[in-house]
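Got your viewer open? Here is a short tour of cysteines and aromatic rings, one selection at a time.

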Amino acid sequence: MGSEAQKSKPTNMKLPVQRRLMSRRLLLRAGIATAILAIIPLGAELRIEDADQPLSNNWSQIPIEPRGPTLLGISFRPNNARAFGLEIRPTLNTLLEYPIQIVRLGAYWNKIELSGDQFDTSELDWQIDTVEKAGAKIILCVGALKTFGFPEYYIPQHYMLKPFADGTLITPTTKPGLLNAAKNFVFRIVDRYKLRKSIVAWQLENEPADPLTFAHFWRISADFVKQELDALRASDTSRPVMINGGFIPSLSVRIGKAWLTRDQGDSLALAKEVSNIIGVDYYPRIAISSLASKTIYLDTTKVPWGQGDRDNLAKWARSHGQQFMVAEGQAEPWELTTVPPSPKTYAPYSCTPQDLIENYNFWASCEECRPLYAYLFWGADYWVLRKNNGDQQYLSAFARVLEHA
């Protein structure tokens with residue numbers, strides 16, 4: 001008996017070791033398989049191209065999808081216009097010469113609350129007056145922390161004496177003073193403009209839970225935004241609230257985004273939970289690096305999984321009684337510089353005049369999306385820059401959509 005027990009003991013001791021080795025092998029194989037699965041879509045999504053593409057009139061030949069009741073419009077970005085060397089008022093007036101139906105304007109916190117006791121809305125007042133006179137509707141982004149247009153965060157310096165550390169999640173418990181100030185700003189902006197009939201919706205924050213890639217990785221917690229929403233609703237309960245989030249139909253980007261927002265979910269998840277209108281920001285072609293004289297692009301215009309993501313999100317919104325819109329449809333280049341290049345006789349590969357139309361068609365052709373509440377073209381001030389430099393094609397492509405959609 002004893003000898004049998006002694007013989008069996010070493011064998012039993014080896015079993016856990018064997019199991020651990022098998023587990024490690026399985027994990028290794030699973031890791032390799034996952035890596036391969038990640039590389040396959042990434043390979044399908046990457047393009048190596050010349051940044052400058054010869055201008056052509058292809059945009060004038062593309063069939064244009066009918067819009068139905070969808071409102072077509074733009075986002076007006078005063079900070080971007082200034083970066084292009086444009087004057088704000090002539091730029092907006094030039095754009096409003098076109099039959100635009102809706103314009104998204106932004107209340108930039110650090111441009112309005114210049115100090116603790118100075119609240120100046122004169123520039124925003126003028127923008128709203130100008131859009132109203134042109135007969136267009138308005139979606140007003142009330143901020144507070146984030147508003148559209150780089151650098152996106154517009155916190156007044158007297159509330160943020162030094163930048164937050166990368167990776168900061170801004171929550172009600174970690175930044176209670178900032179939350180109170182943000183709620184007060186949201187309430188004051190909504191209260192000031194709630195009698196304006198031209199304003200058809202409020203936008204709360206801009207991609208609130210999404211980190212700002214390539215700049216810093218601050219994020220706003222869902223609880224922070226929900227308390228801002230309470231402040232907004234304390235002033236106005238009649239209008240819908242739109243929350244937007246990035247929609248780049250890239251499997252590799254999705255993996256990275258899931259990691260960065262792992263502790264609370266991304267902006268589209270928040271929009272599903274609390275908004276009346278889910279807004280998507282669509283950038284299917286962006287520059288990510290350089291290779292000698294070429295540029296490497298993340299290009300999802302031809303991948304099959306993007307259409308499924310679009311259809312599923314639109315179907316979800318409709319089944320839950322929420323409206324659905326494209327808050328930012330790429331209509332300007334996204335190259336390796338913050339200010340897109342504007343080469344004469346060329347168009348950057350990331351967005352040509354033809355792409356302006358094809359990006360619109362991608363959403364307008366979606367059966368599950370119909371009717372979109374609105375489609376806002378992103379990059380209108382860039383078109384004016386091109387026009388001033390002798391190239392009318394971006395504006396002409398936009399005008400063609402307005403005329404034929």
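Is Trp 334 buried, partly exposed or exposed? Select Trp 334: its relative accessible area is 29%, so the residue is partly exposed (buried means under 20% relative accessible area, exposed over 50%, partly exposed in between, with a 1.4 Å probe and protein chains only).

Before going on, know that this is a predicted model, where local features need pLDDT of at least 70, side-chain atom pairs count only at pLDDT 80 or more, and totals for chains, interfaces and linings use all residues. Residues are numbered from 1 along each chain as its sequence is written, and side-chain values use heavy atoms, with hydrogens and water left out.

**Aromatic pairs**

The structure has 25 aromatic pairs; a pair means rings of Phe, Tyr and Trp (its six-membered ring) with centres within 6.5 Å, called stacked if the planes are under 30 degrees apart, edge-to-face if over 60, and tilted for the rest. Add Tyr 283 to your selection: the ring centres of Tyr 283 and Trp 334 are 5.2 Å apart and the planes stand at 80 degrees, so this one is edge-to-face. Tyr 283 is in the loop between β12 (277–282) and β13 (285–291), while Trp 334 is in the loop between β15 (323–330) and β16 (346–348), so the pair ties together parts 51 residues apart in sequence. (Strands here are DSSP runs of E, at least two residues, and helices are runs of H or I, at least four, numbered from the N terminus.) Unlike its partly exposed partner, Tyr 283 is buried, at 8%.

Now pick Tyr 382 and Tyr 394. With centres 5.5 Å apart and planes at 85 degrees, the pair is edge-to-face. Tyr 382 belongs to helix α12 (residues 380–388) and Tyr 394 to helix α13 (residues 393–404), so parts twelve residues apart in sequence are tied together. Tyr 382 is buried at 0%, and Tyr 394 is buried at 0% too.

For a group shot, select Tyr 98, Tyr 360, Tyr 375, Phe 377, Trp 383 and Phe 398, which form one aromatic cluster.

**Charges over rings**

Show Arg 188 with Phe 119: the charged end of Arg 188 sits over the ring, 3.7 Å from its centre (NZ of Lys or CZ of Arg must be within 6 Å of the ring centre and within 35 degrees of the ring normal). Lys 272 does likewise over Trp 316, at 4.9 Å.

**Cysteines**

How many disulfides does a search of the whole structure find? There is one, joining Cys 366 to Cys 369 with S to S 2.4 Å (the cut-off is a pair of cysteine sulfur atoms within 2.5 Å). The torsion about its S-S bond is about 75 degrees, so the disulfide is right-handed. Both Cys 366 and Cys 369 are buried.
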